[in-house]
There are 2 protein chains.
Amino acid sequence: MTRSTSKQELYDIAGKLFSKKGYHGTTIREIAEARGILSGSLYTHISSKEDLLFHIVDDGAEAFLSALEPIVMSQQDAKSKLRNGLAAHIRVVTTQMDAAKVFLHDWTALGEERHAVIQQKRDKYEDLWAVLLAEGYASGTLIRGDAKYLRILILSVGNWVYEWYKTSGELTPEGLADQFMDIILHGVIAE
Amino acid sequence: MTRSTSKQELYDIAGKLFSKKGYHGTTIREIAEARGILSGSLYTHISSKEDLLFHIVDDGAEAFLSALEPIVMSQQDAKSKLRNGLAAHIRVVTTQMDAAKVFLHDWTALGEERHAVIQQKRDKYEDLWAVLLAEGYASGTLIRGDAKYLRILILSVGNWVYEWYKTSGELTPEGLADQFMDIILHGVIAE
DNA sequence: CCTACCGATCGGTAGG
DNA sequence: CCTACCGATCGGTAGG
């Protein structure tokens, strides 16, 4: 399961550039230059520019899935699952900012076949959240709000993190999840 | 203030393509083709590709600002302002989906100077929300949650709408705002 | 990994 | 608005 250092290094470099300038806005020559080689030499390691995009996006998808799966499957109560699920999501976004942004932002540039692969993983991830929320409503812990829009609300705030999060002086993923979940669970007005 | 039909039509066409394939992923030839002319002829109407991007993004910024400003300045109570502010935001996103997506997604492709112009309008819009929320806390209507993270939560869910909203069979902007604000105001669990 | 290069396409212009 | 074209750059390849 470990990947050769040089390959991962290449994905990191490409991820950083894609996240900063977009997939189409980044040239193969810029990636090569950041790696310290000439553009033609990249093709010893990859077979196309889209190859780089796919691996970055697919790693991102796997990171989200493998972070949430154990929480959904666990025996925690619904409130803990909600809090820990959002914290896990935010942790993926904040610790792999470039890959997460490319995953959320540029994955649509993939060709038909690979687009479908990622679409499936995105659907699977959404389904995990749907299961988590359905459990919460079924157990009577969640008593207000519509499951669909609650899921959209949670994923929106989790995803948008990549747009504003600065690595320094910010709350931890757990701290952010607490802030957001406190609002979502208890509301903000006096009843 | 009215803009010539042909110019607005060009912005609409470019907005649709930018929103679908990204700014860098869209060529000047595709825009011209969608307009039914050859690429060179575009330059009677614009002076550069970035020109198109700027006008689309700037129109988007103005749409958000002019939708929220009257609500913040009005005499409604804090709860109404929150609900109507989110509804206004979602209305801009859903009725000008392409422009909104380009505004939120591709504005960073602008050159330094124009990037700064848009950054300022984005800051101004965030400040409007900050004022709205500060009022809510000052008046005692809002009693829980942190103003900064409440603002991020609201803007996240409002912005992310462009990622999932389908024009058919969906709730109205007001309906969506009600769903989200119901959760945010009252929470989802039994106290 | 480099040298050297490919055909295609890019944003944009001159002249009518 | 078209014809005709520009120099630059694109992703990618052959041969060493």
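Let me begin with a term: a residue counts as buried under 20% relative accessible area, as exposed over 50%, and as partly exposed in between. With that in place, A:R114, at 23% relative accessibility, counts as partly exposed. The structure in front of you is a predicted model, and I shall return to A:R114 after the DNA.

I turn first to DNA strand D. Which residues come closest to this strand? Fourteen is the full count, given as 14 residues surrounding DNA strand D, and the closest are A:T27, A:I28, A:R29, A:Y43 and A:K49. Of the atoms of DNA strand D that come within 4 Å of the protein, sugar and phosphate account for 59%. The surface near this strand is made up of four nonpolar, eight polar and two charged residues.

Three of those closest residues can be described in detail. For A:R29, a polar side-chain atom lies 2.8 Å from a base nitrogen of DNA strand D. A:Y43 instead places a polar side-chain atom 2.7 Å from a phosphate oxygen of the strand. At A:K49 the contact comes from the backbone: a polar backbone atom lies 2.8 Å from a phosphate oxygen of DNA strand D.

Now to DNA strand C. Around this strand there are 14 residues, and those that come nearest are B:T27, B:I28, B:R29, B:Y43 and B:K49. Sugar and phosphate make up 57% of the atoms of DNA strand C that come within 4 Å of the protein. Here the nearby surface divides into four nonpolar, eight polar and two charged residues.

What do the phosphate oxygens of DNA strand C meet in the protein? One is 2.8 Å from a polar backbone atom of B:K49. Chain A takes part as well: a polar backbone atom of A:L38 is 2.9 Å from a phosphate oxygen of DNA strand C, and an N or O atom in the side chain of A:S41 is 3.0 Å from a phosphate oxygen of that strand.

I come next to the salt bridges. Side chains of opposite charge can pair when their charged atoms come close. Over all chains, the count comes to 24 salt bridges.

Where in chain A do A:E50 and A:R114 lie? A:E50 belongs to helix 3, residues 49-73, and A:R114 to helix 6, residues 112-138, so their pairing ties together parts that are 64 residues apart in sequence. The side chains meet in a salt bridge with an N to O distance of 3.4 Å. Like A:R114 at 23%, A:E50 is partly exposed, with 23% relative accessibility. Salt bridges that share partners also bring in A:D51, joining A:E50, A:D51 and A:R114 into one network.

A second example involves both chains. A:E170 forms a salt bridge with B:K148, and the closest N and O atoms are 3.4 Å apart. A:E170 sits in the loop between helix 8 (161-164) and helix 9 (173-186) of chain A, while B:K148 is in helix 7 (residues 147-164) of chain B, so this pair joins two chains. B:K148 is partly exposed, at a relative accessible area of 35%.

My last example lies in chain B. The side chains of B:K121 and B:D58 meet in a salt bridge at 2.8 Å, N to O. B:K121 is in helix 6 (residues 112-138) and B:D58 in helix 3 (residues 49-73), so distant parts of the chain, 63 residues apart, are linked. Is B:D58 buried or exposed? B:D58 is buried, with a relative accessible area of 14%.

Note on methods. Residues numbered from 1 in each chain as written. Chains lettered and ligands numbered in written order. Predicted model: local features only at pLDDT ≥ 70, side-chain atom pairs only at ≥ 80, totals over all residues. Heavy atoms only, no water. Near = heavy atom within 4 Å. Polar contact = N/O pair within 3.5 Å; in protein donor to acceptor, adjacent residues only side chain to side chain. Nonpolar A, V, L, I, M, F, W, Y, C, P; charged D, E, K, R; others polar. Salt bridge = Lys/Arg side-chain N within 4 Å of Asp/Glu carboxyl O. Helix = DSSP H or I, 4+ residues; strand = E, 2+ residues; numbered from the N terminus. Buried < 20%, exposed > 50% of the residue type's maximum accessible area, 1.4 Å probe, protein only.
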